[in-house]
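Good morning, colleagues. I would like to use these few minutes to discuss charged side chains in one protein chain. Please look at the sequence and the structure first.

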Amino acid sequence: MDVRKLLKASAEARNLKFGKSIHAHLIVINQITRNHVIEKNSLINHYAKCGDLSSARILFDKMRKRNVVSWGSMMSGYSQHGYAQEVVQLWRKMVNVDKLNPNRHVLPMVLSSCSNCGLLDEGQQCHGYALKSGLIFHQYVKNALVYLYTMSTHLKEAMQVLDSPPRSDLCTYNSVLNGLLAHGYLNEACYVLRMMIEELEWSRWDGVTCVNVFSVCGHLKDLILGRQVHGRLLKIGLDHDLSVGSATLDMYGKCGDVSQMRKVFDVLRARNEVTWTAALTAYTQNECFEEALKLFLEMDRENIVPNECTFAVLLNSCAGLSALGYGSSIHARVEKVGLKHDIVVGNALIYMASKCGLIDDARMLFESLLDRDVISWNLMINGYSYHGLGMEALDVFQHMLSELKQPSYVTFVGVLSACSLLGRVDEAFYYLDHMMRDYGIEPGLEHYTCIVGLLGRARRLDEAENFIRSSPLRWDVIAWRTLLNACLVHQNYGLGKKVADVLLEIGPDDAGTCILMSNMHAKAKRWDKASAVRKLMRERNIKKEPGLSWIEIRNDTHVFVSGDTNHVESVQIREKVKTLLAKIRTLGYVPDIATELHDVEEEQKEDWLGYHSEKLAIAYALMKTPQGAPIRVMKNLRMCDDCHSAAKYISKLTNRTIIVRDANRFHRFRDGFCSCTDYW
């Protein structure tokens with residue numbers, strides 16, 4: 001009877017009971033008590049592969065004589081079951097106690113365990129031994145070294161090993177690409193990908209390779225390369241792999257080709273919750289929120305159970321649409337399946353509540369989280385800032401610091417926005433120049449744009465202009481448009497013209513810039529200039545997005561456009577608007593005809609102003625919602641000055657809270673005041 005073959009077969013079959021019978025037989029015939037190293041090694045290997053590590057370790061520790069295979073078998077067991085620290089400890093004992101050196105099978109295991117434990121020093125010792133012993137020329141050793149240096153972000157050393165003999169194989173490239181992507185080194189990953197394409201035939205690629213390559217294409221938004229890879233994998237038959245299918249969907253989504261993503265999704269033979277979630281994510285990333293929610297209905301019909309990532313994507317879609325009714329139903333489902341304390345789902349719930357105007361509900365969800373990561377804190381800080389509640393945002397930031405949480409780049413965007421809302425110029429510059437540096441965060445364009453907005457809000461327009469012009473930063477359209485908006489609000493026509501000239505140079509086809517410029521000229525009654533801007537828009541085929549406002553009542557969404565007569569109750573809605581405007585005139589409301597930017601008679605301007613989409617939506621909500629219920633209106637563009645003024649008076653007249661989300665921020669109207677303090 002060949003005991004070793006029986007134990008090997010038993011280990012491969014994971015038949016622990018049969019292996020124990022063999023062990024008992026060896027004890028009975030006294031073939032295990034003596035120094036039978038080979039049989040004991042086979043037993044250790046059997047127990048380790050069957051998951052009985054305690055029995056394997058007892059047998060290993062009782063061995064009087066051990067060879068490299070004994071140590072390797074025990075290490076392999078620990079490695080296979082995720083005990084990387086134990087592997088490193090055994091390696092130390094092997095070298096220091098038994099004075100044995102690892103071979104080409106043991107060394108890769110030790111290097112892999114060093115990678116998983118973050119033990120770079122020990123890994124470098126193994127590298128030195130590999131160079132000295134010549135084991136560096138074994139492929140497994142080289143692959144493990146590449147993985148070690150990549151995962152520890154020592155890219156120079158990783159590339160040196162990658163370029164050294166023996167020639168890199170598929171496993172080498174998979175390891176280095178995986179590590180580079182895990183740490184966000186996209187340029188380096190692209191370089192390695194080009195090397196791999198040159199050195200390895202496409203037919204040798206496996207599923208892991210395709211997943212990594214699609215990830216590179218997606219992050220770099222390289223649709224051309226992504227399509228080439230997709231075409232190749234169709235030829236070699238890897239397109240039916242579930243992980244490859246999900247990666248393909250992810251790549252097309254990140255590259256913005258949702259139509260091709262859907263085509264790929266529809267022809268997949270097998271789809272699991274990961275595949276469905278990848279398709280939902282692709283829609284959400286490209287702001288196709290309605291399509292994402294419709295696809296989820298299909299997923300439900302096929303009885304695919306959603307996971308935490310699925311729910312997070314759906315909640316983000318609801319946030320994008322401000323679909324409170326749908327979001328509430330998803331929230332109820334999350335509660336039912338017991339995922340409300342999951343950090344990913346919890347953060348998505350906070351985001352959804354905040355974007356739907358329920359900032360108090362967002363705070364309650366935040367407080368209910370058992371564990372909070374930096375994203376949780378950022379959502380609350382930025383949520384409060386977006387709602388115009390600067391003091392609350394800074395309070396959350398101070399709470400974050402008191403709990404010794406590390407702020408991030410995004411954290412300080414919300415903090416600086418809060419300082420802007422409160423007019424705290426000196427405090428904002430302290431955060432920008434000192435605190436961010438203390439936390440090792442390099443200020444970026446978003447932070448500096450917040451400073452421009454802060455100075456503009458504080459009427460320090462010349463200072464804001466000097467801040468932009470004296471900085472070596474490459475400013476974008478948004479920063480200059482922020483300054484132009486400040487010129488519009490504070491009616492600084494002279495500086496506004498200079499800023500407009502700059503904007504026409506760097507963003508000549510930007511619709512938002514042209515509209516702001518037209519508004520500025522019209523407010524200054526420079527109708528010739530306003531007309532010239534509109535003519536420029538026509539010549540360049542720059543189309544202004546039509547203004548829309550929508551509300552959700554009893555899970556039905558009602559959409560309004562300015563002057564709308566298509567709604568089934570348009571006659572009643574217009575009568576309600578007339579009544580409201582007449583009543584708020586007695587409270588002091590005066591139509592701001594300067595808001596109506598066309599050069600027509602004042603009476604016609606008033607008539608046009610009266611039926612802006614925001615007013616129609618507010619009037620309909622007052623008709624259909626219970627007395628005292630808050631009104632939530634969503635708008636795709638900036639709220640005009642007259643509608644803003646009217647909403648303040650309507651909130652006072654009706655004793656209602658009116659929440660309007662426009663393209664820039666939330667406006668919370670209550671008792672005749674707005675949370676934005678009339679600057680937006």
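I shall speak about salt bridges, and then about a patch of charge on the surface. Please bear in mind throughout that this is a predicted model.

Let me begin with the overall count. A search through the whole structure returns 25 salt bridges. I have selected several of them for discussion.

The first case is the pair Arg194 and Asp222, whose closest N and O atoms lie 3.7 Å apart. This pair connects distant parts of the chain, with the two positions 28 residues apart in numbering. Arg194 belongs to helix α12, residues 186-199, whereas Asp222 sits in the loop between α13 (207-220) and α14 (223-236). As for solvent exposure, Arg194 has a relative accessible area of 39% and is therefore classed as partly exposed. Asp222, at 21%, is also partly exposed; the class of buried residues is reserved for values under 20%.

Next, I turn to a pair within a single helix. Arg469 and Glu465 are both found in helix α28, which covers residues 461-469. They are four residues apart, or about one turn of the helix, and their salt bridge has its closest N and O atoms at 2.9 Å. Are these two partners buried or exposed? Glu465 has a relative accessibility of 8%, so it counts as buried. Arg469, in contrast, reaches 46% and is partly exposed. Salt bridges can also be linked to one another: Arg57, Asp61 and Glu86 are joined into one network through shared partners.

A further pair is Arg424 with Glu427, where the side chains meet in a salt bridge with an N to O distance of 3.1 Å. Arg424 is partly exposed, with a relative accessible area of 28%, and Glu427 is partly exposed at 24%.

I come now to the surface patch. Which residues gather in the patch of negative charge? They are Asp360, Asp361, Glu392 and Asp395. Two helices, α22 (359-368) and α24 (390-402), each contribute at least two residues to this negative patch. Asp395 may serve as an example: this residue is located in helix α24, and its relative accessibility of 48% makes it partly exposed. Patch members must have over 30% relative accessible area and no salt bridge, so Asp395, at 48%, satisfies the accessibility condition.

To close, I would ask you to keep two items in view: the Arg194 and Asp222 pair, which links distant parts of the chain, and the negative patch on the surface. Thank you for your attention.

How values were computed:
Residues are numbered from 1 along each chain as its sequence is written. This is a predicted model: local features need pLDDT of at least 70, side-chain atom pairs count only at pLDDT 80 or more; totals for chains, interfaces and linings use all residues. Side-chain values use heavy atoms; hydrogens and water are left out. Patches are made of residues with over 30% relative accessible area and no salt bridge: like charges are joined within 9 Å, nonpolar side chains (Val, Leu, Ile, Met, Phe, Trp, Tyr) within 5 Å. Accessible areas come from the Shrake-Rupley method with a 1.4 Å probe; for residues, only the protein chains shown count as cover. A salt bridge is a side-chain nitrogen of Lys or Arg within 4 Å of a carboxyl oxygen of Asp or Glu. Lys and Arg count as positive and Asp and Glu as negative; His and the chain ends are not counted. The place of a charge is taken as NZ of Lys, CZ of Arg, CG of Asp or CD of Glu. Buried means under 20% relative accessible area, exposed over 50%, partly exposed in between (1.4 Å probe, protein chains only).
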